[in-house]
Amino acid sequence: MGSFAFLFFFATIVAVALASTSDNVEAIRQVVEIHRLRPQTGSAGHRVPQLDCLSWRLAVETNNLRDWKLVPSACEDYVGHYMLGKQYRRDCEYVAKVAIEYAKGLNLGGDGKDVWVFDIDETTLSNLPYYARCDVAFGAIPYNNTKFNEWMGEGKLPAIPSILGVYKTVLSLGIKPVFITGARENFRQSRIANLKKAGYSNWLKLVLKGENDHGSAVEYKSSKRTELVKAGYRIVGNMGDQWSDLIGENPGARTFKVPDPMYYIG
């Protein structure tokens, strides 16, 4: 009996044993789901369907797949399991670990001109409570600007804990945080209140998109970073969930990509 068959047989025995009481129905479901989501192939080398979704997410994170509009319907459950499960948290924690190690090793100017650029949505704050809704389906349902703006205006986005740790480290080292977000200027007050409630207590600048800011996300973010550089600031770090946060002009001395398979902004 191969290892794949043995693991499945073992999981089945465990599930049957647990089924003796109705209280363990949820535990059975979790055993089956965890096993199903493991990227493996069968004994004949045939692909397990969920493996395609993992490959799709890899293409998204490496920026090989661009300009996509929706999470594939077949991958809605996969993305949901990833975002709500341990792997997403662990991935964010690893990004944060590398960023903190880098920040602690910097030779800073000591003149108050070293800054670290942070995106907000899916970088410092999380819209996961919104994207987990059945009418959003982790990005598998078309974006609804009205609904999203209503949610964002409530100012209830939680912090992403590991990135909050990066922010606190940056502050402790004397590096000044700068937030650059694609949210519109009319959300300034709700953004300020939300950031502070989530633990982001102070910053050098909070940049929101104004009426005169046009063009792609890359152009917008590049222009705002360029303004910082022209003002004499040094961008020692730059962190975002979209590649459009991290490419273009003056991206910074080093960039850090936070995972986000729920939407694409080019």
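Begin by selecting C53 and C75 in this predicted model, where the two cysteines form a disulfide with their sulfur atoms 2.2 Å apart. Looking along the S-S bond, you will find a left-handed link, with -90 degrees about that bond. C53 belongs to helix α3, residues 50–61, while C75 sits in the loop between α3 and α4, the latter spanning 76–84, so the pair ties together parts that are 22 residues apart in sequence. A search of the whole structure finds 1 disulfide, and this pair forms a disulfide.

Keep the cysteines on screen and turn on the surface. C53 is buried, its relative accessible area being 4%, and C75 likewise counts as buried at 5% relative accessibility. Now add C92, which is buried at 1% relative accessibility, and then C134, which is exposed, with a relative accessible area of 74%.

For the next stop, select Y131, Y143, F148, Y263 and I265, which lie nearest the centre of the largest pocket among the 38 residues that line it. This pocket holds about 870 Å³ of space, and the elements giving two or more residues to its lining are α6 (128–131), α7 (145–154), β2 (176–184) and α10 (217–230). If you colour by element, start with α7, since the largest share of the lining, 5 residues, comes from that helix. Colouring by residue class instead shows a lining of 18 nonpolar, 9 polar and 11 charged residues.

From the pocket, move on to the enclosed spaces, for the structure holds 2 cavities of 30 Å³ or more. To see the largest cavity, select V60, N63, W68, D241, Q242, W243, K257, D260, Y263 and Y264, the residues that line it. About 50 Å³ of space lies inside this largest cavity, and its lining is made up of 5 nonpolar, 2 polar and 3 charged residues. Y263 deserves a second look here, as this residue lines the largest cavity and is also one of the residues nearest the centre of the largest pocket.

The last stop is the second largest cavity, for which you should select V117, F118, D119, I180, K221, R225, N238, M239 and D245. The elements that give two or more residues to this lining are β1 (114–118), α10 and β4 (234–240). The space in the second largest cavity is about 50 Å³, and by class its lining has 4 nonpolar, 1 polar and 4 charged residues. While α10 is selected, turn back to the largest pocket, where α10 also gives two or more residues to the lining.

Definitions and conventions: Residues are numbered from 1 along each chain as its sequence is written. This is a predicted model: local features need pLDDT of at least 70, side-chain atom pairs count only at pLDDT 80 or more; totals for chains, interfaces and linings use all residues. Side-chain values use heavy atoms; hydrogens and water are left out. On a 1 Å grid over the protein atoms alone, a cavity is a set of points where a 1.4 Å probe fits but cannot get out, and a pocket is an open set with protein on both sides within 12 Å along at least five of seven lines; lining residues have an atom within 4 Å of a point. Grid points are joined across faces, edges and corners, and a volume is the space filled by probe spheres set on the points. Helices (H or I, at least four residues) and strands (E, at least two) are DSSP runs, numbered from the N terminus. Ala, Val, Leu, Ile, Met, Phe, Trp, Tyr, Cys and Pro count as nonpolar, Asp, Glu, Lys and Arg as charged, and the others, Gly among them, as polar. A disulfide is a pair of cysteine sulfur atoms within 2.5 Å. Buried means under 20% relative accessible area, exposed over 50%, partly exposed in between (1.4 Å probe, protein chains only).
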